[in-house]
Amino acid sequence: MLSDKYGFQSIFIVILAVVIFTLICVMLVVPKERSAVTAGKMDWWGSGVLSIGLILLTYFVDSD
């Protein structure tokens, strides 16, 4: 649709516009000062279950 009317280069221009918009939003919203670092623990069980679930979702969901 977009590439049919304006050529494949237009897709890259749209992506560039989205990236610039995103960077501007991040610069406006994210605070410049660095907050205190908290000492947290890694949830290894949760990350393992999430990884297995995403792998199963990727390989076993019908993509028709």
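Me: Reading along the sequence, what pattern does the chain follow?
Reply: Keep in mind that this is a predicted model. Its secondary structure comes to three helices and zero strands. So, read from start to end with the helices counted as DSSP runs, the chain gives the pattern α-α-α.

Me: Is the chain a compact globule or more spread out?
Reply: For 64 residues the globule rule gives 11 Å, and the chain's radius of gyration is 20 Å, well over that. The C-alpha trace spans about 50 × 45 × 10 Å along its principal axes. Because the radius goes well over the rule, the chain is, next to a compact globule, more spread out.

Me: What percentage of the 64 residues is buried?
Reply: To count as buried, a residue has to be under 20% relative accessible area. The accessible surface of the whole chain comes to about 6,600 Å², with 73% of it belonging to carbon and sulfur atoms. The buried share of the 64 residues is 2%.

Me: Which helix gives the largest share of the nonpolar patch?
Reply: The patch covers about 970 Å², and Leu 2, Tyr 6, Phe 8 and Ile 11 are among its residues. Helix 1 (2–6) and helix 2 (9–29) each put in at least two residues. The largest share, seven residues, comes from helix 2.

Me: Does Val 14 count as buried, partly exposed or exposed?
Reply: Val 14 sits in helix 2 and is one of the residues making the nonpolar patch. Its relative accessibility is 41%, so Val 14 counts as partly exposed.

Me: How far apart in space are Leu 56 and Gly 46, C-alpha to C-alpha?
Reply: Leu 56 is in helix 3, which runs over residues 44–60. At 42% relative accessibility, Leu 56 counts as partly exposed. In sequence, Leu 56 and Gly 46 are ten residues apart; in space, C-alpha to C-alpha, the separation is 15 Å.

Me: How far apart do the centres of the positive and negative side chains lie?
Reply: On the positive side there are 4 side chains, and on the negative side 5. Take the centre of each set, and the two lie apart by 18 Å.

How values were computed
Residues numbered from 1 in each chain as written. Predicted model: local features only at pLDDT ≥ 70, side-chain atom pairs only at ≥ 80, totals over all residues. Heavy atoms only, no water. Patch = residues over 30% accessible without salt bridge, like charges linked within 9 Å, V, L, I, M, F, W, Y side chains within 5 Å. Areas by Shrake-Rupley, 256 points an atom, 1.4 Å probe, with all protein chains shown as cover. Salt bridge = Lys/Arg side-chain N within 4 Å of Asp/Glu carboxyl O. Helix = DSSP H or I, 4+ residues; strand = E, 2+ residues; numbered from the N terminus. Buried < 20%, exposed > 50% of the residue type's maximum accessible area, 1.4 Å probe, protein only. Rg over C-alpha atoms; globule rule 2.2 N^0.38 Å. Lys, Arg positive; Asp, Glu negative; His and termini not counted. Charge placed at Lys NZ, Arg CZ, Asp CG, Glu CD.
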